[in-house]
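Here are my notes from a first pass through this one. Have it open beside you while you read.

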Amino acid sequence: VDGIWYDFDSSTKTASVTNTNGTNVRYYYSGSVIIPSTVTYNGTTYSVTSIGASAFRNSSSLTSVTLPNSVTSIGGGAFYGCSALKSVVWNAKNLPDFADASEAPFYDSQETITSFTFGTTVEHIPAYLCSDMSELTSVTIGDGVSSIGESAFYNCYSLSYLKLGNSVERIGDYAFYWCSSLSSISLPNSILNIDYAAFQSCSSLSSINIPS
């Protein structure tokens, strides 16, 4: 539907983004892909709740992707090997934490992404989501985000622009560890907890604003 393949579950009226039309022939995505929150097929409207394992794997011409707030799960290796991926807009509201960097959806694509934006519907940034994104320079966190998971931006050593939303209450362990290009931080009034080593080894950090 509109250039995106789905698996449909008629009993739950949910859809999962996939990479095949049911045959053994893979489909590779290219350019800018915007995944909708709902999709209509044969007169039935489905909620897009998941991105299947390896759904975008090795789509070497994919340049940007936008995820809807309806997504509640992402399968392993969903964006593995997307070597041209530069920009991600993340609207998934409350996705569970990932166990480590290798389980995160952008594993093996983390060295090309330069911009990551979290929409206003997002409440939690999962652990390890952007870990080791070596070319990531800009992160914008929407006003709905209340917690940033452990090691979410671990070793993003090119990160120089960080905008924290007005609702962030907790920054997890090692969240911005080794973000050595980050020179300033302005914490919102909502902040309650900054956990262990959240900003350790941020060697360029020269300005911090801590609210009352």
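1. Overall shape first. The protein chain has 212 residues, and a compact globule with that many would have a radius of gyration near 17 Å; the chain comes out at 18 Å, which agrees. Along the principal axes, its C-alpha atoms fill a box of roughly 55 × 30 × 25 Å. Keep in mind that this is a predicted model.

2. Next, the secondary structure. You'll find 17 strands in the protein chain and zero helices. As for contacts with a separation of 6 or more, 43% of them link residues 24 or more positions apart.

3. On to the inside and the surface. Of the 212 residues, 47% count as buried. The chain exposes about 9,600 Å², and carbon and sulfur atoms supply 45% of that.

4. A quick word on charge. The protein chain carries 7 positive and 16 negative charges, and the mean positions of the two sets lie 7 Å apart.

5. One sheet is worth tracing by eye. It is an open sheet of four strands, in the order β10-β12-β14-β16, with parallel pairing. The edges are β10 (124-125) and β16 (193-194); each has a single partner strand, so one side of each is left without a neighbour in the sheet. As a general reminder, strands of a sheet pair through backbone hydrogen bonds, either parallel or antiparallel.

6. Finally, a closer look at one edge. What holds the place next to β10 in the pairing? That is β12 (residues 147-148), which runs parallel to β10 and is joined to it by two bridges. If you want a residue pair to click on, H124 has S147 in β12 as its bridge partner.

Methods
Residues are numbered from 1 along each chain as its sequence is written. This is a predicted model: local features need pLDDT of at least 70, side-chain atom pairs count only at pLDDT 80 or more; totals for chains, interfaces and linings use all residues. Side-chain values use heavy atoms; hydrogens and water are left out. The radius of gyration is taken over C-alpha atoms; the globule rule is 2.2 Å times the number of residues to the power 0.38. Buried means under 20% relative accessible area, exposed over 50%, partly exposed in between (1.4 Å probe, protein chains only). Contact means heavy atoms within 4.5 Å. Accessible areas come from the Shrake-Rupley method with a 1.4 Å probe; for residues, only the protein chains shown count as cover. Lys and Arg count as positive and Asp and Glu as negative; His and the chain ends are not counted. The place of a charge is taken as NZ of Lys, CZ of Arg, CG of Asp or CD of Glu. Two strands pair if DSSP finds at least two bridges between them.
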